[in-house]
Amino acid sequence: MSDYTNELGQPIGQALPNWQPSTLPSRSQMHGRLVNLEPIDLDLHCADLFDAFALDTDGRNWTYLPHGPFTDIDAFGTWMAATCFEDDPLFHTIVDTSTGRAVGFASYQRIEPNVGSIEVGYINFSPALQRTPLATEAMFLMMRRAFDELGYRRYEWKCDAHNAASQAAARRLGFTYEGTFRQAIIYKGRTRDTTWFSITDVEWQARKIEFERWLDPTNFDTDGTQRTRLDQNR
């Protein structure tokens with residue numbers, strides 16, 4: 001229930017008298033300890049990404065994405081050139097700082113600065129990135145930019161309702177499930193129900209503390225095993 005009412009006694013949303021539109025994300029790097037996120041570059045990243053995605057030998061990482069998998073680097077490069085260089089979606093490559101090689105990508109999309117809403121999407125983590133601290137840090141860096149640098153109020157995550165792994169990742173990262181849009185889109189010749197998740201600016205400070213605690217090197221033993229989960233105290 002709303003805690004705010006108008007002069008008629010009707011419940012309404014909180015007033016935002018000092019609201020200013022958020023800032024559009026820039027094509028600049030985000031630097032972390034484990035990964036850097038770089039604006040996607042065909043010459044710099046195409047070969048690395050193709051090799052990293054080729055480790056997914058049965059192409060299952062592409063099942064819930066609009067395109068792919070790609071059987072040869074020329075087809076992959078053609079797709080990159082046609083898809084990955086718009087302002088929305090704004091793609092970033094995830095680069096492993098220990099090797100300097102690209103191991104995945106993600107994008108900002110559905111960017112609406114006037115209402116302070118932005119989505120992270122088109123995520124493809126290669127097998128070299130999946131279930132690693134690098135993947136978590138990449139998502140943290142993108143959230144931190146959206147909230148702390150650009151002033152967004154709402155950070156969205158959406159996925160196919162059949163994509164259990166994506167939904168589990170969203171919940172682990174601190175997103176709240178909001179509902180399912182039935183028969184929302186058609187892709188790859190099939191229907192898709194879409195699940196919606198979000199984090200708001202009100203929740204961000206608590207999530208940020210969780211990320212910083214979890215990513216601290218002292219949270220991992222000598223074998224790289226986590227001592228506490230990201231959602232340990234949630």
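With 234 residues, a compact globule would have a radius of gyration near 17 Å, and the chain comes out at 19 Å, which agrees. Keep in mind as you look around that this is a predicted model.

**Overall build**

The C-alpha trace spans about 65 × 45 × 30 Å along the principal axes of the chain. Its secondary structure consists of 5 helices and 10 strands. Of the 234 residues, 45% are buried. If you take the contacts with a separation of 6 or more, 62% of them link residues 24 or more positions apart.

On the outside, the chain has an accessible surface of about 12600 Å², and carbon and sulfur atoms own 51% of that. As for charge, there are 23 positive and 32 negative side chains. The centres of these two sets lie 6 Å apart.

**Cysteines without partners**

How many disulfides does a search of the whole structure find? The count is 0. As a reminder, a disulfide is a covalent bond between the sulfur atoms of two cysteines. Two of the cysteines show why no such bond is found here. For Cys-46, the closest cysteine sulfur is in Cys-84, and at 9.4 Å it is too far for a bond. For Cys-159, the closest cysteine sulfur is again in Cys-84, at 20 Å, so a bond is ruled out there too. The cut-off for a disulfide is 2.5 Å between the sulfur atoms.

Are Cys-46 and Cys-159 buried or exposed? Cys-46 is buried, with a relative accessible area of 8%. Cys-159 is buried as well, at 4% relative accessibility.

**Unusual backbone geometry**

Some background helps with the next four sites: most residues other than glycine have a negative phi, and most peptide bonds are trans. The table collects the departures from that pattern.

| Site | Feature | Angle |
|---|---|---|
| Gly-68 and Pro-69 | cis peptide bond | omega about 5 degrees |
| Asp-88 and Pro-89 | cis peptide bond | omega about 10 degrees |
| Arg-110 | positive phi | near 45 degrees |
| Gln-183 | positive phi | about 50 degrees |

Where do the two prolines sit? Pro-69 belongs to the loop between helix 1 (42–54) and helix 2 (73–83). Pro-89 is in the loop between helix 2 and strand 5 (90–96). Helix 2 therefore has one of these prolines in the loop before it and the other in the loop after it.

The two positive phi values belong to strand residues. Arg-110 is part of strand 6, which covers residues 102–112, and Gln-183 is part of strand 9, residues 176–187. Their surroundings can be read from accessibility: Arg-110 is partly exposed, with a relative accessible area of 38%, whereas Gln-183 counts as exposed at 66%.

**A buried asparagine after helix 5**

One more residue deserves a visit. Asn-219 is located in the segment after helix 5 (201–215). Is Asn-219 buried or exposed? With a relative accessibility of 5%, Asn-219 counts as buried, because the limit for that class is under 20%.

Which residues is Asn-219 in contact with, leaving aside its neighbours within four places in sequence? On one side of the sequence they are Arg-213 and Trp-214. On the other side come Thr-225, Gln-226, Arg-227 and Thr-228. Arg-213 and Trp-214 fall within the 201–215 range of helix 5, so a good way to view this spot is to display Asn-219 together with the residues listed here.

Conventions: Residues numbered from 1 in each chain as written. Predicted model: local features only at pLDDT ≥ 70, side-chain atom pairs only at ≥ 80, totals over all residues. Heavy atoms only, no water. Helix = DSSP H or I, 4+ residues; strand = E, 2+ residues; numbered from the N terminus. Rg over C-alpha atoms; globule rule 2.2 N^0.38 Å. Buried < 20%, exposed > 50% of the residue type's maximum accessible area, 1.4 Å probe, protein only. Contact = heavy atoms within 4.5 Å. Areas by Shrake-Rupley, 256 points an atom, 1.4 Å probe, with all protein chains shown as cover. Lys, Arg positive; Asp, Glu negative; His and termini not counted. Charge placed at Lys NZ, Arg CZ, Asp CG, Glu CD.
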